[in-house]
Amino acid sequence: MPNYTLVNAQATYQVSNNAEAYIRFENVFDADFQISAGYASAGRSAYVGLRAKF
């Protein structure tokens, strides 16, 4: 299997003492790779959310 490089990025913003907003990108450049022979790789992904502590 050939070598590959994955680029991921994440940012957070503290909304209050108990909450933060986040955004995360995985496989930013949509690299084509295999972890195990015969299994497909995940494409580019983005996640947005809010974390809260109670």
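The following exercises, each with a worked solution, concern a predicted model.

**Exercise 1.** Determine how strand 1 and strand 2 are arranged with respect to each other, and find which residue of strand 2 stands opposite Tyr-13.

*Solution.* Begin with the boundaries: strand 1 covers residues 9-16 and strand 2 covers residues 19-26, and the two run antiparallel, joined by seven bridges. Next, consider the connection, where two residues lie between the strands, which together form a hairpin. Finally, follow the pairing across from Tyr-13, which leads to Ala-21 in strand 2.

**Exercise 2.** Find the aromatic pair in the structure, describe its geometry, and decide whether Tyr-4 and Phe-33 are each buried or partly exposed.

*Solution.* A search of the whole structure yields one aromatic pair. Its members are Tyr-4 and Phe-33, whose rings are stacked, with 4.7 Å from centre to centre and 25° between the planes. The pair links distant parts of the chain, since Tyr-4 belongs to the segment before strand 1 and Phe-33 to the loop between strand 2 and strand 3 (45-52), 29 residues apart. Phe-33 counts as buried because its relative accessibility is 10%, under the 20% limit, whereas Tyr-4, at 37%, counts as partly exposed.

**Exercise 3.** Identify the residues that make the nonpolar surface patch, and place Leu-6 in the chain.

*Solution.* The patch, of about 300 Å², is made by Tyr-4, Leu-6 and Ile-35. Leu-6 lies in the segment before strand 1, and its relative accessibility of 36% is why Leu-6 counts as partly exposed.

**Exercise 4.** State which rings lie beneath Arg-24 and the charged end of Arg-51.

*Solution.* Arg-24 lies over the face of Tyr-47, at 4.3 Å from the ring centre. The charged end of Arg-51 sits over the ring of Tyr-22, 4.1 Å from its centre.

How values were computed:
Residues numbered from 1 in each chain as written. Predicted model: local features only at pLDDT ≥ 70, side-chain atom pairs only at ≥ 80, totals over all residues. Heavy atoms only, no water. Pairing = 2+ DSSP bridges. Helix = DSSP H or I, 4+ residues; strand = E, 2+ residues; numbered from the N terminus. Patch = residues over 30% accessible without salt bridge, like charges linked within 9 Å, V, L, I, M, F, W, Y side chains within 5 Å. Areas by Shrake-Rupley, 256 points an atom, 1.4 Å probe, with all protein chains shown as cover. Salt bridge = Lys/Arg side-chain N within 4 Å of Asp/Glu carboxyl O. Buried < 20%, exposed > 50% of the residue type's maximum accessible area, 1.4 Å probe, protein only. Phe/Tyr/Trp six-rings, centres within 6.5 Å; stacked < 30°, edge-to-face > 60°. Lys NZ or Arg CZ within 6 Å of the ring centre and 35° of its normal.
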